[in-house]
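This briefing is meant to be read with the sequence and the three-dimensional structure at hand. Please look at both before turning to the notes.

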Amino acid sequence: MQDKSGKAATGSAAGGVSAAQNSSHLNGHTVTQNGHHPATTSSPESQSESRAPSPTVVPREQWDGKYEFLLSCIGYCVGLGNVWRFPYLCYRNGGGVFLIPYFIMLFVTGVPLFLMELSLGQYGAAGPITVWKCCPLLKGIGIGMLCVSTLVCLYYNVIIAWTFYYLGSSFQSPLPWSCDAIANAALCGNGSALGNSSLEKPRSPTEIFWNENVLGVVNSEGLHDPGPVRWPLALCLLAAWFIIFLCMLKGIRSSGKVVYVTATFPYLVLIVLIIRGATLEGSLQGIAFYLTPDWSRLANAQVWNDAASQIFYSLGIGVGGLLSMASYNKFDNNVIRDTIIITVGNCSTSFFAGFAIFSILGHMSWRKGVPVGEVADTGPGLAFVAYPEALALLPGSVFWSILFFLMLFMLGVDTLFGNMEGITTAVLDEFPSLRRNSLHKSLFLGTLCFVFYLLGLLLVTDGGIYWFTLIDSFSTSFGLIIITLFMCLGISFFYGVNQFCQDIIDMIRHCPLWCSKVLIYFKACWVFCTPFLLLFILIYIFIEMYNTPLRYGSYVYPQWGKALGACMGATCCLQILIWAIVAISRETGTLKDRFQKSIRPLNSWRVNLSSTERREEHVEPERVEAPFSVTLTDMDYTGMAWEMNS
């Protein structure tokens with residue numbers, strides 16, 4: 001972006017000088033041979049207007065190649081949600097029939113919003129906050145994205161800490177959660193649980209290891225009783241944040257190289273798990289459960305809501321990560337091509353991972369003699385209870401356990417890269433001095449990671465899982481939907497959907513015929529289909545949140561806990577209203593005039609080369625055809641400047 005921004009600023013300044021030249025010359029002033037005059041007649045306002053982009057140009061990094069960007073986006077989108085959340089939602093909502101609303105939501109909401117974020121970031125070459133110079137009224141959308149991303153980073157790295165704990169435990173033989181371990185011999189020998197009552201659900205060694213050894217949740221009574229910090233988890237969390245800090249220390253030049261490993265390794269593990277799972281007894285029972293449709297579920301609104309929430313969760317829409325990563329692209333990168341590759345690749349990975357997961361769950365069902373639907377649990381329980389139990393049943397369980405949790409670590413790190421990039425890019429764009437000084441930038445990044453670590457200590461206490469579930473449930477709930485809804489409406493109706501499509505064409509430069517036809521489809525989605533579906537999802541979320549209690553296992557959250565979670569979501573989306581009021585208050589005139597001024601792009605918008613050229617094409621005829629008075633003198637007939645410019 002640096003060279004394009006620089007040329008754009010030069011071109012804009014040159015346009016202002018050219019206008020000043022003609023004005024001074026036609027009014028009888030002597031013009032030097034190079035076209036400059038010591039006493040230019042242009043007003044201070046016009047000088048400020050023409051030079052506006054120049055002072056804001058700050059050197060920005062770029063991806064070394066398009067494959068780094070693609071792998072970073074794929075790694076950001078393909079995360080833990082593809083491994084445990086998609087398979088669970090699929091069989092909870094009717095098996096294979098869930099794929100119908102899933103792919104409808106993908107092409108009507110997921111792909112259009114994904115393209116909108118990539119295009120906005122790449123065209124503006126700015127982070128989630130600064131990019132809204134295209135429409136200052138909506139700057140609060142960027143602030144809201146920053147709030148959502150902060151909440152996600154706060155709890156997401158705790159999952160990586162759990163992964164570290166399991167990865168370290170996997171080097172023990174036998175695995176500490178297997179029946180071969182001495183501590184579990186009595187439990188497995190009895191063939192039942194440790195419960196004192198026959199009414200209690202039997203607990204397996206993996207559940208006991210998860211709840212007692214890892215979480216310590218048995219020592220906490222609920223949200224109000226967090227208890228002491230579990231220091232083994234705290235050390236794992238510190239190691240996780242230290243790795244994130246090292247990977248992001250050099251910006252995209254370091255994280256762009258890391259993704260070559262972190263984004264490809266999980267696919268290798270999934271292929272190995274699919275091959276191994278297919279050879280297990282009972283695997284076909286799990287696959288059949290995965291693909292058997294229950295057509296009656298299509299009439300259930302929850303199925304459509306779950307499909308939409310999975311698309312948002314999986315693609316990472318609305319948290320600023322996509323927008324930030326796209327801002328480091330070259331201006332002429334084909335965003336439509338990248339959008340199709342990343343979104344289709346991400347959702348295909350979810351479907352692909354389902355075969356690996358359900359083949360193993362089918363084997364667990366066969367071993368335990370229970371239905372497949374009763375083997376797995378929701379949320380973290382699926383990744384850290386069901387899967388370790390399945391891994392303990394495999395021959396060479398230590399090797400498979402190390403491989404699996406290494407894969408989870410890679411998936412978590414890639415997703416956290418994107419979320420952290422959204423935060424750091426937004427701050428560095430707002431404070432360019434940090435970007436210029438590498439020492440200050442490193443100190444800022446280190447401070448940010450350390451603050452996140454300190455805040456995350458609450459989530460690694462005995463009752464930390466209750467706070468984890470609360471933040472996870474509300475951070476990406478209605479607040480995220482409202483942010484993406486206003487982003488879609490703002491770009492479509494304030495900035496202008498036709499102008500936005502023209503910006504995309506300018507970036508692609510040589511837009512083929514298929515590209516123009518695809519943009520017609522996206523335009524229809526941005527204006528009508530996507531906002532309609534987002535409103536439907538938003539209404540359903542509010543109804544469900546009001547009628548359904550929040551639970552973790554048998555624990556029911558108190559009303560004050562749900563209210564606290566609702567405040568988290570409200571804080572994110574209220575930024576839109578707060579900063580819209582700030583933008584309007586900074587303008588002058590009537591309320592209508594203030595509103596109209598606040599939706600106009602700032603002078604520093606469109607500092608790239610192509611849009612500058614387009615602006616000059618429009619400005620030049622207006623300047624020539626505008627009425628003006630001419631006063632000629634003898635100097636105009638005899639001077640060299642007249643002969644050269646006639």
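The notes below cover salt bridges, the largest cavity, one helix pair and two features of the backbone.

The structure is a predicted model. Its salt bridges number 4, and a search of the whole structure yields 7 cavities of 30 Å³ or more. Two of its helices, α21 and α22, run roughly antiparallel to each other.

**Salt bridges**

- Glu430 and Lys139 form a salt bridge through their side chains, with an N to O distance of 3.9 Å. The two residues are 291 residues apart, Glu430 belonging to helix α17 (residues 397-430) and Lys139 to helix α6 (residues 139-169), and the pair thus links distant parts of the chain.
- Glu430 has a relative accessible area of 31% and is therefore classed as partly exposed. Lys139 is also partly exposed, because its relative accessibility is 22% and the partly exposed class lies between 20% and 50%.
- A salt bridge also joins Asp462 to Arg230, whose closest N and O atoms are 3.1 Å apart. Asp462 is in the loop between α19 (438-456) and α20 (464-475), while Arg230 is in the loop between α8 (205-215) and α9 (231-248), so this pair ties together parts that are 232 residues apart in sequence.
- Are Asp462 and Arg230 buried or exposed? Both residues are buried.
- Asp294 and Arg297 meet in a salt bridge with an N to O distance of 3.5 Å between their side chains. Asp294 is partly exposed, with a relative accessibility of 31%, and Arg297 is partly exposed at 28%.

**The largest cavity**

- The largest cavity holds about 210 Å³ of space.
- Its lining consists of 20 residues, and those nearest the centre of the cavity are Val152, Tyr313, Gly316, Thr415 and Asn419.
- Which helix gives the most to the lining of the largest cavity? Helix α13 does, with 4 residues.
- At least two lining residues come from each of the helices α3 (66-77), α4 (80-92), α6, α13 (301-315) and α17.
- By class, this lining has 12 nonpolar and 8 polar residues, and no charged residues.

**Packing of helices α21 and α22**

- Helix α21 (residues 478-508) packs against helix α22 (residues 513-547) with their axes 9 Å apart and at an angle of about 175 degrees. The two helices are described as roughly antiparallel because this term applies to angles over 145 degrees.
- The contact of α21 with α22 has 25 nonpolar residues, together with 4 polar and 1 charged.

**Features of the backbone**

- Where is Pro174 found? Pro174 is in the loop between α6 and α7 (185-190). The peptide bond leading to Pro174 from Ser173 is cis, and its omega is near 5 degrees.
- Ala125 has a positive phi of about 50 degrees, although this residue is not a glycine. Ala125 is located in the loop between α5 (99-124) and α6.
- Why does Ala125 count as buried? The relative accessibility of Ala125 is 13%, and a residue is buried because its value is under 20%.

Definitions and conventions: Residues numbered from 1 in each chain as written. Predicted model: local features only at pLDDT ≥ 70, side-chain atom pairs only at ≥ 80, totals over all residues. Heavy atoms only, no water. Buried < 20%, exposed > 50% of the residue type's maximum accessible area, 1.4 Å probe, protein only. 1 Å grid on protein atoms, 1.4 Å probe; cavity = no way out; pocket = protein on both sides within 12 Å on 5 of 7 lines; lining within 4 Å. Points joined across faces, edges and corners; volume = space filled by probe spheres on them. Nonpolar A, V, L, I, M, F, W, Y, C, P; charged D, E, K, R; others polar. Axes fitted to C-alpha atoms, helices over the stretch in contact; angles between N-to-C directions. Parallel < 35°, antiparallel > 145°, perpendicular 65-115°, else oblique.
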